[in-house]
Amino acid sequence: MEIESKTPKNNNLTRYGLENVTALWNLDGETLQEITVEKGMGTETYNGTLCVNTGKFTGRSPKDRFLVKDEYTTDKIWWGRINKPLEPDNFARLYDEVTTYLSGKEVYVRDAYVCAYPEYRMNVRTITEYPWSNFFIKNMFIGLEDHEIEDFEEEWLVLCAPGYEAKNPEEFGLRSGNFSILDFTRKVALVAGSAYTGEMKKGIFSALNLILPVEKNVLPMHCSANVGADGDTAIFFGLSGTGKTTLSADPERKLIGDDEHGWTADNVIFNFEGGCYAKVIDLTEEKEPDIYRAIRPGALLENIVFKEGTKEVDFFDSSITQNTRVSYPIKHIDNIVLPSFAKNPKNVFFLTCDAFGVLPPVSKLTPGQAAYHFISGYTAKVAGTEAGINEPVPSFSACFGDPFMPLHPTVYAEMLSKKMTEAGVNVWLINTGWSGGPYGVGSRIKLKYTRAMISYILEGELEKVDYEQHPIFGLHMPRYCHNVPTEMLDPMNTWLQKGAYVSKAIQLAHSFHLNFDKFINQASEEMMHGGPLIDAHQIMDHNL
């Protein structure tokens with residue numbers, strides 16, 4: 001095999017502590033795929049798409065994520081369960097161990113950048129032990145033109161060594177032999193002991209979630225975004241299973257990106273990435289045509305299973321993991337914006353899959369409610385999604401992505417509230433979950449109705465109708481929406497027993513209040529008044 005490296009002038013890896021390595025620089029996807037298959041580290045589908053197994057870790061390991069606590073980070077980070085501190089000396093020792101481990105080996109180097117808007121571009125050099133890890137970065141970060149490679153200088157370094165595990169993790173302040181660590185002073189993301197590619201992507205996302213708001217006055221967002229023919233931008237927040245990817249893929253609008261974006265002071269929405277990283281469990285062409293058609297040479301499938309005796313993927317087989325994934329360049333999607341940014345944000349959607357069946361299918365939020373629901377990041381887990389879950393369980397993830405947020409969630413919430421007010425943006429809560437009762441009793445809200453609501457909003461028509469306020473959550477529910485049954489718009493109307501609805505709604509309101517307790521000390525007065533109208537002290541004796 002003939003290998004053509006694209007090597008920059010600044011190609012001395014000894015400055016990173018890597019000695020006697022064979023470095024392959026900026027290889028094209030075909031070459032990386034060929035090396036992966038030749039080394040027995042991957043296989044191909046019937047249409048030539050590369051498939052790999054990430055081994056022990058088929059998802060992120062949030063308990064093994066650390067941030068170096070030093071002069072830069074001490075007073076900025078919201079330290080605690082999510083953002084765990086690591087001493088600088090321990091990081092330095094781990095870094096030396098990883099570079100010693102990689103020395104003498106063949107490594108794969110990728111020069112790329114993140115942040116599609118030129119003013120906020122951040123160059124990233126990634127050095128990986130495995131060729132397919134480098135293939136993933138080729139898809140997910142934004143590629144350079146050939147003339148940009150020669151003089152490339154990185155701002156951040158990603159070092160990924162899945163084959164290394166710390167032998168005595170307690171000595172380093174670790175929980176186990178694998179780890180994902182960010183050092184904001186050295187500007188290094190160190191990933192070891194796990195081959196799950198998402199650790200690299202989310203490491204840089206986490207770094208941007210501190211750098212952009214603190215140093216650039218840019219709001220980082222875990223969301224998808226698209227833009228209409230008139231230049232109006234829509235933003236979609238939502239946790240897994242709420243429909244973020246599905247609803248942002250609109251044939252009438254162009255996709256900016258599907259996962260990570262920034263919102264600038266001059267109201268530009270820009271994609272952090274150059275690709276998409278989508279779940280493929282239960283994937284069908286009918287449900288997710290864009291993702292299904294993007295699975296072709298140039299894409300990377302993770303932890304999938306073939307149909308017996310074939311090279312055809314069985315997307316319904318979760319025997320390895322429920323978290324089967326594909327990464328692909330955004331150019332695999334036809335209807336996109338390049339470069340990946342647009343101006344004029346007009347509508348923000350918070351997507352939730354309410355398995356309790358009590359939230360309205362669509363409601364308009366005040367600035368205080370927007371901040372409250374943003375910091376809450378609510379959805380519900382339903383039976384079968386995790387072991388031991390037999391009925392709906394409320395799930396809260398601050399800012400719809402708290403595992404990646406180094407700052408206190410109120411910082412992001414207040415930035416969002418300020419930006420939506422200054423830009424005149426409307427914020428909507430969309431329930432893609434149940435109506436007519438909870439999971440197991442009611443039915444899932446039809447996708448065609450959710451699409452109709454969003455279309456009516458994007459056309460500016462839903463602002464013109466009359467609204468009524470939900471008596472428990474305080475949300476403003478439209479009395480009419482084109483192509484949506486009117487009785488659906490007030491969820492109480494869809495329940496056979498009104499008392500049962502009220503009881504379930506109060507139960508969920510109580511969960512909101514309990515979750516918000518941890519934010520009260522740093523929440524603004526407006527934010528605190530954005531929650532359910534019934535507070536925790538009224539719940540036990542409230543009569544409706």
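**Strand S24, its partners, and the spaces inside**

Trainee: Which residues point one way from S24, and which the other?

Mentor: Asn426, Trp428 and Ile430 point one way, Val427, Leu429 and Asn431 the other, and all are buried. In a regular strand, side chains alternate between the two faces of the sheet. Mind you, this is a predicted model: local features need pLDDT of at least 70 and side-chain atom pairs pLDDT 80 or more, while totals for chains, interfaces and linings use all residues. Residues are numbered from 1 along each chain as its sequence is written, and side-chain values use heavy atoms, with hydrogens and water left out.

Trainee: What makes S24 "mostly covered"?

Mentor: Buried means under 20% relative accessible area (exposed is over 50%, partly exposed in between; 1.4 Å probe, protein chains only). Six of the six residues in S24, 426–431, are buried, so "mostly covered" fits.

Trainee: How do you know that S20 and S21 pair with S24?

Mentor: Strands (E, at least two residues) and helices (H or I, at least four) are DSSP runs, numbered from the N terminus, and two strands pair if DSSP finds at least two bridges between them. S20 (345–352) has six bridges to S24 and runs parallel; S21 (362–365) has four and runs antiparallel. Both pass, therefore both pair with S24. For registers, Asn347 bridges to Asn426 and Lys364 to Trp428.

Trainee: Why are S1 and S5 called edge strands?

Mentor: They belong to an open, mixed sheet of eight strands in the order S1-S6-S7-S8-S10-S9-S4-S5. S1 (22–25) and S5 (84–86) each pair on one side only. Within that sheet, S8 (156–161) and S10 (188–192) pair in the parallel sense over five bridges, with Leu157 matched to Val188.

Trainee: How do you know that Cys115 has no disulfide?

Mentor: A disulfide is a pair of cysteine sulfur atoms within 2.5 Å. The closest cysteine sulfur to that of Cys115, in Cys223, is 13 Å away, which is too far for a bond. Cys399 is in no disulfide either, with the sulfur of Cys223 nearest at 12 Å. So the count comes to zero disulfides.

Trainee: What makes Cys115 and Cys399 buried?

Mentor: Their relative accessibilities: 0% for Cys115 and 1% for Cys399. Each is under the cut-off, so both count as buried.

Trainee: Why is a space called a cavity and not a pocket?

Mentor: On a 1 Å grid over the protein atoms alone, a cavity is a set of points where a 1.4 Å probe fits but cannot get out; a pocket is an open set with protein on both sides within 12 Å along at least five of seven lines, and lining residues have an atom within 4 Å of a point. A volume is the space filled by probe spheres set on the points, which are joined across faces, edges and corners. Three cavities reach 30 Å³ or more. The largest holds about 90 Å³, and H5 gives the most to its lining, with four residues.

Trainee: Where does S24 come into the second largest cavity?

Mentor: Through Leu429, which lines it alongside others including Phe350, Leu351 and Thr352. S20 gives the most, three residues, and the volume is about 50 Å³.

Trainee: How do the residues of that lining divide by class?

Mentor: Ala, Val, Leu, Ile, Met, Phe, Trp, Tyr, Cys and Pro count as nonpolar, Asp, Glu, Lys and Arg as charged, and the others, Gly among them, as polar. That lining divides into seven nonpolar, two polar and no charged.
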